[in-house]
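Dear colleague,

I am handing over the structure we spoke about, and I would be glad if you could look through it before reading on. My notes on what was found come after it.

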Amino acid sequence: MHRYRFVFRRPLQFLPVIAGISIITFVLVRLIPGDPARVLLGTRATPTAIANIRAQYGLDEPIWLQYLYFLRNLANGEMGKSILYKIDVLKLIATRIEPTIALVISSIVLSVVIAVPLAAIAARNAGRAPDHAVRIISTFGIGFPPFWLGLMLIILFSVKLDLLPVSGYGSTIADKLSHLILPSLTIALSLSAVLTRSLRTAMIEALKSDVATAARARGMPERIVFWRHVVPNSLVPTINLLAVNTGWLIGGTVVIESVFALPGMGQLLVRAIFSRDYMVVQGIAMVFACATVFVNFLADIATVAADPRVKL
């Protein structure tokens with residue numbers, strides 16, 4: 001159990017990271033051109049009405065004082081009140097978090113389901129036609145922009161074939177799953193391309209390792225050697241790569257939710273940016289940052305569990 005001692009000290013190391021992200025987010029949000037009060041009231045608003053709104057939400061205070069108010073709210077388990085929606089930011093985020101979590105989880109699962117077989121085919125046929133085909137496919141997957149790929153999938157599976165819904169989220173579980181297929185596939189096709197290339201390289205190295213050679217010397221069939229020894233030893237770099245790409249994956253949900261009109265946090269973030277809803281933008285950015293840090297923490301635990309030689 002001494003290998004897991006980092007579990008107790010790692011959260012303390014995350015605190016400066018979260019603090020730095022909060023400062024950067026707070027400052028960058030306020031550099032967005034435009035006045036939230038003017039956006040909220042419209043172009044015909046009087047100076048008095050604008051001043052009242054700014055005073056109501058503390059926008060007339062110095063920026064350092066606004067940040068202290070923000071920290072005080074965080075300490076009290078709050079993130080302020082939305083200017084546009086007129087409700088607490090945490091309650092607003094809670095109503096939008098389910099589609100985003102479902103999209104992220106389904107995208108990760110689908111990426112692994114795609115990447116592992118393709119990497120296995122490429123590694124077991126290294127240098128031959130199947131390997132070249134997988135590498136070409138992964139190159140195309142990296143090159144296609146997610147928003148363009150999402151539109152092409154909509155045209156193919158929704159417009160032409162009429163197999164899947166174009167947009168929305170649905171109400172029942174089955175309906176929600178059907179609405180998540182195309183968004184998840186859009187993200188998975190891009191993410192699995194990166195995972196496939198990394199996993200292929202790791203599998204090729206594992207096939208040449210002493211562990212695999214010893215297993216063959218004991219008379220194990222090549223199929224057993226591959227799935228029992230090669231694949232487990234290849235997962236550690238893939239887990240780390242997946243954790244590194246978590247930020248890109250969460251950021252990708254912003255674009256994908258807009259393309260497929262999923263009522264998640266990504267779509268909420270886009271609307272909050274255009275309406276200059278500072279509190280909502282800050283709240284979603286902090287949730288995304290904490291989620292990224294937490295996923296990397298889970299990846300560290302999975303890495304140590306997968307390889308006893310690793311110590312963090």
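The notes below go from confidence in the model to its nonpolar cores and then to its aromatic rings.

Please keep in mind that this is a predicted model. The chain has an average pLDDT of 81, and 95% of its residues score at least 70. Among the elements of the chain, the highest mean pLDDT, 88, belongs to helix H5 (residues 89-124), while the lowest, 71, belongs to helix H2 (residues 36-41).

Turning to the interior, the largest nonpolar core has 35 residues, and within this core the most contacts are made by Ile93, Val280, Ile284 and Phe288. At least two core residues each are supplied by helix H1 (6-30), helix H3 (47-56), helix H4 (63-75), H5, helix H11 (246-260), helix H12 (265-274) and helix H13 (278-306). Of these helices, H13 provides the largest share, with 11 residues. If you would like one residue to start from, Val280 touches Ser82, Val89, Leu92, Leu268 and Ala272, when residues up to four places away in sequence are left out of the count. There is also a second, separate core, which has 19 residues and includes Val104, Ile154, Leu180 and Ile187. As background, nonpolar side chains tend to be buried together in soluble globular proteins.

As for the aromatic rings, the structure holds 4 aromatic pairs, and I describe two of them here. In one, the ring centres of Phe26 and Tyr67 are 5.3 Å apart and the ring planes stand at 70°, so this pair counts as edge-to-face. Because Phe26 lies in helix H1 and Tyr67 in helix H4, the pair ties together parts that are 41 residues apart in sequence. Both residues count as buried, Phe26 with a relative accessibility of 2% and Tyr67 with 16%. Together with Phe70, Phe26 and Tyr67 form one aromatic cluster.

The other pair joins Phe226 and Trp227, whose ring centres are 5.2 Å apart and whose planes stand at 85°, so this pair is edge-to-face as well. Here Phe226 is buried, with a relative accessible area of 0%, whereas Trp227 counts as partly exposed at 43% relative accessibility. Phe226 has a further partner in Arg124, which lies over the face of its ring at 5.0 Å from the ring centre.

With best wishes

Terms used: Residues are numbered from 1 along each chain as its sequence is written. This is a predicted model: local features need pLDDT of at least 70, side-chain atom pairs count only at pLDDT 80 or more; totals for chains, interfaces and linings use all residues. Side-chain values use heavy atoms; hydrogens and water are left out. pLDDT is the predictor's confidence in each residue, from 0 to 100. Helices (H or I, at least four residues) and strands (E, at least two) are DSSP runs, numbered from the N terminus. A nonpolar core is a set of buried Ala, Val, Leu, Ile, Met, Phe, Trp, Tyr and Cys residues joined through side-chain atoms within 4.5 Å. Buried means under 20% relative accessible area, exposed over 50%, partly exposed in between (1.4 Å probe, protein chains only). Contact means heavy atoms within 4.5 Å. Rings of Phe, Tyr and Trp (its six-membered ring) pair if their centres lie within 6.5 Å; planes under 30 degrees apart count as stacked, over 60 as edge-to-face and the rest as tilted. A charge sits over a ring if NZ of Lys or CZ of Arg is within 6 Å of the ring centre and within 35 degrees of the ring normal.
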